[in-house]
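Work through the exercises below with the sequence and the 3D view side by side. Each task is followed by a solution in steps.

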Amino acid sequence: MGRASSDLVGEGLKFEAFYSEPMQVVARPGHPLVKRRAPPLARLAGEQWIVPTPEAAYRQRLEAAFRQAGVEPPRCIVESTSILTNIALVRETDMLAVMPRDVAQQYSSLGLVRTVSVKMPAPSGPVGVVTVAGRTLPPAAVDLIQALRQVASELKRGA
């Protein structure tokens, strides 16, 4: 279960997309950008960022968003794929991070981060399940995927 990346094609894998979720920029409560109304990406490019590793689809989409806005992606970065590390860094510094909208809203509702109302032009990519093409799944995996489809359907209706 996760986000699709372009390297799945041709590797004997099958991806079933369940939904797409926008990216959300987050900062610590009290960060000056939290109070700004829709700062442009050009303003955010000079900030310190926590980003996934270069091969991560999420990083590629973030960098593409900056380039689509005519801005070079941030250069002052820390690479991390740990959500707990990212939350701790955001809370203790002026660094920005990007995460799925629903995750950002959850942590924001707990008072751990605040969202920055910047418009991100591209969704974060489809979320779904990867299986091996042509391989029969065990019954438990079939049940799990069906449950994931149901939850994804409920998420789409609630959006």
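**Exercise 1. A loop residue**

Task: decide whether lysine 119 is buried, partly exposed or exposed, and find where in the chain lysine 119 lies.

Solution. The model is predicted. Step one is the accessibility: lysine 119 has a relative accessible area of 73%. The cut-off for exposed is over 50%, so lysine 119 counts as exposed. Step two is the location: lysine 119 sits in the loop that runs between β6 (114–116) and β7. Step three looks across the sequence. Proline 22 is 97 residues away from lysine 119 in sequence, yet their C-alpha atoms are 9.8 Å apart in space.

**Exercise 2. The overall layout**

Task: state how many helices and strands the protein chain has, and give their order along the sequence.

Solution. Counting gives six helices and seven strands. In sequence order, the pattern is β-β-α-α-β-α-β-α-β-α-β-β-α. For the dimensions, take the principal axes: the C-alpha atoms fill a box of roughly 50 × 35 × 25 Å. The protein chain has 159 residues, and 35% of them count as buried.

**Exercise 3. Helix α3**

Task: check whether the end-to-end distance of α3 agrees or disagrees with the span expected from its residues, and list which residues of α3 are buried.

Solution. Begin with the span. Helix α3 has 12 residues, and at 1.5 Å a residue the expected span is 16 Å. The end C-alpha atoms of α3 lie 16 Å apart, so the two values agree. Next, the buried residues of α3 are Ala57, Tyr58, Arg59, Leu62, Ala65 and Phe66. Finally, look just past the helix: glycine 70 there has a positive phi of about 80°.

**Exercise 4. A network of charged side chains**

Task: find which salt bridges link Arg59, Glu63, Arg67 and Glu79 into a network, and say how exposed each partner is.

Solution. Side chains of opposite charge can pair when their charged atoms come close. In this model the count of salt bridges is seven.

- Step one: arginine 59 and glutamate 79 form a salt bridge, with an N to O distance of 3.0 Å. This pair joins distant parts of the chain, since arginine 59 is in helix α3 (residues 57–68) and glutamate 79 is in strand β4 (residues 77–79), 20 residues apart.
- Step two: arginine 59 is buried at 8% relative accessible area, whereas glutamate 79 is partly exposed at 42%.
- Step three: glutamate 63 and arginine 67 also meet in a salt bridge, at 4.0 Å from N to O. They are four residues apart in helix α3, so about one helical turn separates them.
- Step four: glutamate 63 is partly exposed at 22%, and arginine 67 is partly exposed at 46%.

Together, Arg59, Glu63, Arg67 and Glu79 belong to a network of salt bridges.

One further salt bridge can be worked in this way: arginine 43 with glutamate 47, whose closest N and O atoms are 2.4 Å apart. Arginine 43 is partly exposed, at 34%. Glutamate 47, at 15%, counts as buried, because the cut-off for buried is under 20%.

**Exercise 5. An aromatic pair**

Task: find how many aromatic pairs there are, and describe the geometry between the rings of tryptophan 49 and phenylalanine 66.

Solution. The count is one aromatic pair. Tryptophan 49 and phenylalanine 66 make up an edge-to-face pair, with ring centres 5.7 Å apart and 85° between the planes. The partners come from distant parts of the chain: tryptophan 49 is in strand β3 (residues 49–51) and phenylalanine 66 is in helix α3, 17 residues apart. Both tryptophan 49 and phenylalanine 66 are buried.

**Exercise 6. Two strand residues**

Task: say what the side chain of glutamine 24 reaches, and which residues form a nonpolar patch with valine 132 on the surface.

Solution. Glutamine 24 belongs to strand β2 (residues 13–27) and is buried, at 15% relative accessible area. Its side chain reaches the backbone oxygen of valine 116 at 3.0 Å.

Valine 132 is in strand β7 (residues 123–132), and at 34% relative accessibility valine 132 is partly exposed. Leu13 and Val130 join Val132 in a nonpolar surface patch, with about 190 Å² of accessible area together.

Definitions and conventions:
Residues numbered from 1 in each chain as written. Predicted model: local features only at pLDDT ≥ 70, side-chain atom pairs only at ≥ 80, totals over all residues. Heavy atoms only, no water. Patch = residues over 30% accessible without salt bridge, like charges linked within 9 Å, V, L, I, M, F, W, Y side chains within 5 Å. Areas by Shrake-Rupley, 256 points an atom, 1.4 Å probe, with all protein chains shown as cover. Helix = DSSP H or I, 4+ residues; strand = E, 2+ residues; numbered from the N terminus. Buried < 20%, exposed > 50% of the residue type's maximum accessible area, 1.4 Å probe, protein only. Expected span 1.5 Å × (residues − 1). Phe/Tyr/Trp six-rings, centres within 6.5 Å; stacked < 30°, edge-to-face > 60°. Polar contact = N/O pair within 3.5 Å; in protein donor to acceptor, adjacent residues only side chain to side chain.
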